[in-house]
Number of protein chains: 2
Amino acid sequence: MHDRHPTAQVVTLDEHMFLVDCGEGTQIQMNRYKIRRSRIEYIFISHLHGDHYFGLAGLLNSYGLNGRTEDLWLFAPAQLQEILELQFRVSDTILPYKIHFRALENEGLLVDEKKLTVSCFKVTHRIPTWGFLFREKEKPKKLVPEKLREYSIPASFYHHLKEGSNYTMRDGTVIMNEWVTQPANPRRSYAYCADTIFDESISEKIFGSDLVYHEATYLDDLKERAASRFHSTSRQAATIALKAHAKKLLIGHFSSKYEALDDFLTEASSVFQNVELAMEGVTYTI
Amino acid sequence: MHDRHPTAQVVTLDEHMFLVDCGEGTQIQMNRYKIRRSRIEYIFISHLHGDHYFGLAGLLNSYGLNGRTEDLWLFAPAQLQEILELQFRVSDTILPYKIHFRALENEGLLVDEKKLTVSCFKVTHRIPTWGFLFREKEKPKKLVPEKLREYSIPASFYHHLKEGSNYTMRDGTVIMNEWVTQPANPRRSYAYCADTIFDESISEKIFGSDLVYHEATYLDDLKERAASRFHSTSRQAATIALKAHAKKLLIGHFSSKYEALDDFLTEASSVFQNVELAMEGVTYTI
């Protein structure tokens, strides 16, 4: 707890930009790292501890002052709406853009865009807290031009091939889809597990994610303290990633009591090899 | 408005430390400039525009996380209490120290310490806004040891001399106070005028202040814009200082539309000579 650094993550997928949590100073950090914050369409707030949302009102204000007109979708615990409305009311603020506030109540789909979805899942913290799962949708198969020519497949059929259909020639010969296509790029996914006690059920909720962010507030010798404060250890974060069959783990939210972070990496990688420390201002590509 | 930088000023007088306004990131800046924020006993919030208070909840939280036990006095528009209580409630936060919330309602005395007072006065902004006046109390005169010996004045009478009394010898001879003392150090004072439209009545409220901080959001060629946004120009700030017979003027809160600030200084000093720009991280001594 005096163990907290303000948290904020920017997730970009295709043309979409998402903000996950918004601790104090987030807008200042986004300026520093030259993130075009105006592009953000969706904001997700995991829970209402200040280090995860005290920067939000300032960001929403700045959008207004900078003349934003694009709608914004805000997913958060219901009480955040009350806080923001009160803050806007006392400052006599009328924003020039619309905020679609969506209270987090049930696990499931939040965003359904053309190429991706975002869903939320419960984690276990001292107050109601949510994780978020970003997942690309099924992608089209890739056509192999020389094979298309070889089998004389008409261009009008290409979109069926991309979706996996076979092609039947006039003489009845079937051209198998896999003869003329290559597999689609894999669907990428990212799971943000927010602040949570060690909770193995999370590994099911995020199963198969390419990248998993999981908090690691303490090292495992302080696992009792971690549990009592509804936080996790580095080993526990790695255990979640292992059970989730994740490709890669990102750990963060380290207690400020630790000066060096090497031990977090050592401890986690003894359980799950592909692990990295989440560092300020760094971009992680899936 | 997109014209705002977060505002916060730390005022120290004798052993007291005061915080005036607390924009987003104030606690981070205090760390950067190695200000011992734990020493702050009194916080004053001029008005409820976010750039003047969005850093407060984070600071109050951090005090709690760092185990503060000393009481804190918070003077602010009444609605701030509602905002803070809501934020603490949703995060299930119980602070380990007591906040004495005092709603700003009338002009007058807020703090009456041994050596100083703090009072508030109304300024004119888009929403209710307050300025703050810090003023040392009357100080004791300084004794001149060789003169005390020359007139054989008993030590038991010294504290009367410090308060300005004359000393009457047994034979009825009167030793005039000014023969054995030097004048007290002057009472220092600082007036923080917050965000305000040009309002000449302010100069009366802060009359005779040594140092005056007055906002100067625009240069005078934009005085219509300044007025429409309830802000002031550099020339207007200087006019207030001049009419207040201030010793020195500090201007700040410059619109972000201006890249260079030299013109603010030139414009103000054409009206009032002893003027300086309020810059981030700089200490001004009275």
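This report walks through a predicted model of two chains, from their symmetry to one helix at their interface.

## Ground rules

Residues are numbered from 1 along each chain as its sequence is written, while chains are lettered from A and ligands numbered from 1 in the order in which they are written. Since the model is predicted, local features need pLDDT of at least 70 and side-chain atom pairs count only at pLDDT 80 or more, whereas totals for chains, interfaces and linings use all residues.

## How the two chains are related

Chain A superposes on chain B after a rotation of 180° with 0.0 Å of shift along its axis, giving an RMSD of 0.1 Å; the fit is by least squares on the C-alpha atoms of residues with pLDDT of at least 70 in both copies. The two copies are thus related as by a two-fold rotation axis. In chain A, A:Gly25 has the C-alpha nearest that axis, 2.7 Å from it.

Within chain A there are two domains, domain 1 (8-139 + 185-277) and domain 2 (142-182), with bounds from an automatic or database domain assignment. Their centres, taken over C-alpha atoms, are 42 Å apart.

## Where the chains meet

In the interface, 25 residues of chain A are in contact with 25 residues of chain B (contact means C-beta atoms, placed from the backbone, within 7 Å). Helix 2 (56-65) and helix 3 (79-90) of chain A are the elements that give two or more residues to the chain A side; helices here are DSSP runs of H or I, at least four residues, and strands are runs of E, at least two, numbered from the N terminus. Helix 3 of chain A gives the largest share, six residues.

100% of the interface residues of chain A are also interface residues in chain B, so the copies meet through the same surface.

## A closer look at helix 3

Helix 3 of chain A has twelve residues and reaches 17 Å from its first C-alpha to its last, close to the 16 Å expected at 1.5 Å a residue (1.5 Å times one less than the number of residues). Its buried residues are A:Leu80, A:Ile83, A:Leu84, A:Gln87 and A:Val90. They cover an arc of only 140° around the axis, which puts them on the same side of the helix; the arc is that of the directions from the helix axis to the C-beta atoms.

On the other side, A:Glu82, A:Glu85 and A:Arg89 are exposed. A residue is buried if 20 or more other C-beta atoms, placed from the backbone, lie within 10 Å of its own, exposed if 12 or fewer, and partly exposed in between. The cover over the buried residues includes helix 2 and strand 4 (72-76) of chain A, together with helix 3 (79-90) of chain B.

Technical notes
Two residues are in contact if their C-beta atoms, placed from the backbone, lie within 7 Å.
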